[in-house]
Every structure is written in C-alpha cells, then in structure tokens.
Amino acid sequence: MLGAQGADASLPPCVWFDAAGTGVALAPHSKLKAVKLRKGDTELALEEGSMRAEVKPLLESERFLVRAAGVSISVVGTIFEVTEEVGSVRVGVERGRVKVM
C-alpha cells in the first residue's frame, strides 16, 4: 500500500514515478493500493483521501485506471485529481481527458 497515513500535514505528499514518466502524488492521510503495475497496464485503487496523477500520453493498447468508491477513472494522458470521501468520488481534470465510468 502506498500512502502517507498519519503523516504530518507539513510534509510533502507521497510521490511515485514510473520509468515512463507517469507520476502520482498522494495527499496526507490518504490510502492508495497498487492493484496492477505492469508496463502499459496500471490499475490503482484509492481507498481514502486524494491523489493527483500526471500520466504521459498512452498508446491505444495501454491502460491507466484508478478505482475509487465504485467509480472507475480511465486515463488517456492527462493531469487529474481524484478524491474519495465516504463513498463519493470527485474527479478534477487539469489537462487532457479522462473517462469516468
């Protein structure tokens, strides 16, 4: 589990980058589970809190998926944020497109 559970709010968020340049920042007190981490196929589960991701443009055969509170957010190549709050999900897109299902 990637996370900053119980971390001091003044500390920077947990940050993860893959070799292709995709980055994920996790807000303090958030829980993010790596379901699948394969080249071209990433699936994450946001269990609590907020995360922000910057995903490099993907090929048609590649996938970057975030699940939160029963909602799936599929990414093509973008900068976006997902917040899970007691069973509800908020998705914000800074650049690019996401598909929310």
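This dialogue walks through how to read several features of a predicted model.

Trainee: Before we look at any detail, how many helices and strands make up the secondary structure of the protein?

Mentor: Bearing in mind that the model is predicted, the secondary structure comes to zero helices and ten strands, and reading along the sequence gives the pattern β-β-β-β-β-β-β-β-β-β. Of the 101 residues in the protein, 33% are buried, and the protein exposes about 6,000 Å², of which carbon and sulfur atoms supply 53%.

Trainee: What share of the contacts with a separation of 6 or more comes from residues 24 or more positions apart?

Mentor: Residues 24 or more positions apart account for 36% of those contacts.

Trainee: Which residues of the largest nonpolar core touch the most other members?

Mentor: A nonpolar core is built from buried residues joined through side-chain atoms within 4.5 Å, so one reads such a core by asking which members have the most partners inside the set. Here the largest nonpolar core has 16 residues, and Met-51, Phe-64, Val-66, Phe-80 and Val-82 touch the most other members. At least two residues of this core come from each of β3 (23-26), β5, β6, β7 (71-75) and β8 (79-85), while β5 gives the most, with four residues.

Trainee: Which residues does Met-51 touch, not counting residues up to four places away in sequence?

Mentor: With those sequence neighbours set aside, Met-51 touches Val-24, Ala-25, Leu-26, Leu-32, Leu-46, Val-66, Phe-80, Glu-81 and Val-82. Among these partners, Val-66, Phe-80 and Val-82 also belong to the group of core residues that touch the most other members.

Trainee: Turning to the largest pocket, what is its volume, and which residues lie nearest its centre?

Mentor: The largest pocket has a volume of about 210 Å³. Its lining consists of 15 residues, and those nearest the centre are Asp-18, Ala-20, Arg-38, Lys-39 and Gly-40. The elements that give two or more residues to this lining are β4 (31-38), β5 (41-54) and β6 (63-68), and by class the lining has five nonpolar, three polar and seven charged residues.

Trainee: Leu-37 is in strand β4; is Leu-37 buried, partly exposed or exposed?

Mentor: Leu-37 is partly exposed, because its relative accessible area is 48% and the exposed class begins over 50%. Apart from residues up to four places away in sequence, Leu-37 touches Trp-16, Thr-42 and Leu-44. The C-alpha atoms of Leu-37 and Asp-18, which are 19 residues apart along the chain, are separated by 9.4 Å.

Trainee: What does Glu-62 contact, leaving aside its neighbours within four places in sequence?

Mentor: Glu-62, in the loop between β5 and β6, is in contact with Gly-40, Lys-56 and Pro-57 once those neighbours are left aside. Between the C-alpha atoms of Glu-62 and Val-75, 13 residues apart along the chain, the separation is 9.6 Å.

Trainee: How should I read the sign of phi, and where is His-29 found?

Mentor: Most residues other than glycine have a negative phi, so a positive value in such a residue deserves a second look. His-29, found in the loop between β3 and β4, has a positive phi of about 65 degrees although it is not a glycine, and His-29 is partly exposed, with a relative accessible area of 40%. Ala-69, which lies in the loop between β6 and β7, has a positive phi near 45 degrees and is partly exposed, with a relative accessible area of 36%.

Technical notes. Residues are numbered from 1 along each chain as its sequence is written. This is a predicted model: local features need pLDDT of at least 70, side-chain atom pairs count only at pLDDT 80 or more; totals for chains, interfaces and linings use all residues. Side-chain values use heavy atoms; hydrogens and water are left out. On a 1 Å grid over the protein atoms alone, a cavity is a set of points where a 1.4 Å probe fits but cannot get out, and a pocket is an open set with protein on both sides within 12 Å along at least five of seven lines; lining residues have an atom within 4 Å of a point. Grid points are joined across faces, edges and corners, and a volume is the space filled by probe spheres set on the points. Ala, Val, Leu, Ile, Met, Phe, Trp, Tyr, Cys and Pro count as nonpolar, Asp, Glu, Lys and Arg as charged, and the others, Gly among them, as polar. Buried means under 20% relative accessible area, exposed over 50%, partly exposed in between (1.4 Å probe, protein chains only). Contact means heavy atoms within 4.5 Å. Accessible areas come from the Shrake-Rupley method with a 1.4 Å probe; for residues, only the protein chains shown count as cover.
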